[in-house]
Protein chains: 2
Amino acid sequence: MLECLVNGEISKFIHTSNRGLNYADGVFETLVVQNARPLRWQAHMDRLGLGCERLGLVMPPQALLLREVQTISTGLGDTVVKIVLTRDGHGRGYTPPSDGSCTRIISAHPYPEGTNDIAREGVTAQICELRLALQPALGGIKHLNRLDQVLAAAEIRDSSAVEGILLDPEDHVISAIAANIFLVSDERLLTPRLDRCGVRGVMRDHILAAFAPRCEQRRIHADMLWEADEVFICNTVRGVVPLIAINDHAYDIGPITRELQAWLLSE
Amino acid sequence: MLECLVNGEISKFIHTSNRGLNYADGVFETLVVQNARPLRWQAHMDRLGLGCERLGLVMPPQALLLREVQTISTGLGDTVVKIVLTRDGHGRGYTPPSDGSCTRIISAHPYPEGTNDIAREGVTAQICELRLALQPALGGIKHLNRLDQVLAAAEIRDSSAVEGILLDPEDHVISAIAANIFLVSDERLLTPRLDRCGVRGVMRDHILAAFAPRCEQRRIHADMLWEADEVFICNTVRGVVPLIAINDHAYDIGPITRELQAWLLSE
C-alpha cells in the first residue's frame, strides 16, 4: 500500500471495532487511476451505489470520493486505488444502526506489472473445487464477504494454473476469481447471469454495453466451456485476458478476443 | 469496547491492509469471562482450531491466547471477550500467503444487561426473509463473513420481534441470528445439522454432549416449528433463552427448557 486516507485524513489504521473487520459489513471498488484521473469513474460509482443500497448504507457524495481518490493518487502516475466503505456502528452485535453512515478507506497501490504480457499471451486456468455460495441478496455487488474467493485463490496458489474458474453449486460457470468471464461461441459473446452470486464487473458491463447485439447473459453450464471457440476473462485493472487452457482443454486466442483488446486500447 | 490487545500490545487499531477487513479472511470467538476466568475455554479453542484448519491458518498457541484473554479482562469482573484471528498478508489480492500466520485481536466488552430477565421471560421471534447461503466449505465454523447475519439483523431491527430465525434456501431451519436453536418435540431435543451453513455454537455442543440420548441433529423443515412443544435458542453469552412466539405462533415455556436452564445454573 502506497498511501491511505481514512475519512479524508491521512492514516493507515482503523479501529478494531470497525464493522468491516468484524462482520464484513461493507462494499468496495478497485479503480485504475492514471495521473490522478480515475478510469470509468461513473460505472464504479454506479456499482458502489447499488451495493450501498442493498446493504442500507448511505453512499458518501461522489464529489467527495473523487476528491479523495485524486488526493491519494496525485504524483503517483498509474496506480490502483481501492475504495472501501464500512458501516459505522458501536459495540458488539450484528444489528446495524439504521442511519447507514459509513467510514471511507481509500488507498493507493502499485499498478501491477506484466499486464501487457498477460493480455498478449493469455493465461492458463483451472476449475476450482470450491463452489460459490448462492446468495441472491448479495448477487452482483462487490461486498466484503470474500472468503469464497480467498479459499478459491488458495487452491490456485497450490496448482500449476494461473487463474481459477468458479462454478456455483449447480455447476454453472460464474466467473474467474477476481474477473468476469466470457465465452465466444459461434461469434456470440456469452457471459453468466450474476443474479445469485458473483460480482457485476465494471469491465463486463462496459463490454455488454459496447457489444450489446452480440452479447447474451445466461446460465452457462461448465460443459459449455469445452464447446467454446474462445474464452476470456476481464476486469478493470487487467482489461481483457485470453484463457489459453482450462484444466486439460486448450484454446487458441481467437479473433474476437483480439478484437475486444484492440477496441479497449483504442478508447 | 473496554480494552483491546493487538498481537499482545495494547492497541485499538489495525492496519487498513488487514485481510480481515478487506476479505473477511479470519475467524472469531466470543467468550464469557468471569473474574479473568474464561468459561468453556477448551470448547472455544476446539472450534477456533477447526476454523483455522478450514481456512489454512496456523492457530496461535492456546496458552498465549489464554494469557492475553486474562490480561485484557483482569479487573473487569464479568465481561465478554472477543478473539479475532485475521490472516496476515501484504498487498492487494485474494491469494493468501501459504504460511498461515495470523494477527490476534482480543477485546473486552461489557457483559450485556438483562440476560436473566430474558432467560426467565423468553423472547419473541420472526422468520427472516433472508435465506442463509449454503457453503459447505465454511459450514459450522465462526468465520468473519457475516453479512448474512447483518442483513437478517436489520430485518429484525425494523420489526416488532426480538429475535430472527434463519432458514436455508430450502426452508430448513438453521439457527437464530446469533444463537443456535432447539425444538422440543415429544420430549426429544431436535437441532439443525450445520454441515452446509450456520455456526456450531459452543453452547449447542455443550447441550448435545450433556443430553446426548435425548438429542438429534437433523434437517428441520420450517413447518416443524409449528408442531414443536417448546423452542429455545442458546449461545455462550445468553445461555438458554425460551422463544414465546415465532411469527404469529405462540409457545409456552415448557419443562424441558426450564430443566436445561436449571442444569446450566447448577454447573
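Which residue stands opposite A:Ile14 in strand 3 of chain B? Here are some friendly notes on how the two chains meet.

1. A word on the model: it is predicted, with local features needing pLDDT of at least 70, side-chain atom pairs counting only at pLDDT 80 or more, and totals for chains, interfaces and linings using all residues. Residues are numbered from 1 along each chain as its sequence is written, while chains are lettered from A and ligands numbered from 1 in the order in which they are written.

2. To your opening puzzle: the partner of A:Ile14 is B:Ile14. Strand 3 of chain A and strand 3 (residues 13–15) of chain B run antiparallel, joined by three bridges. (Strands are DSSP runs of E, at least two residues, and helices are runs of H or I, at least four, numbered from the N terminus; two strands pair if DSSP finds at least two bridges between them.)

3. Each chain brings 47 residues to the contact, where contact means C-beta atoms, placed from the backbone, within 7 Å. On the chain A side, helix 5 gives the most, with eight residues. By class, that side has 26 nonpolar, 14 polar and seven charged residues (Ala, Val, Leu, Ile, Met, Phe, Trp, Tyr, Cys and Pro count as nonpolar, Asp, Glu, Lys and Arg as charged, the others, Gly among them, as polar).

4. A turn of 180° and a shift of 0.0 Å along the axis lay chain A on chain B with an RMSD of 0.0 Å, superposing by least squares the C-alpha atoms of residues with pLDDT of at least 70 in both. That is the relation of a two-fold axis. In chain A, the C-alpha of A:Leu21 is nearest the axis, 2.0 Å from it.

5. The copies meet through the same surface, because 100% of the interface residues of chain A are also interface residues in chain B.

Key
Two residues are in contact if their C-beta atoms, placed from the backbone, lie within 7 Å.
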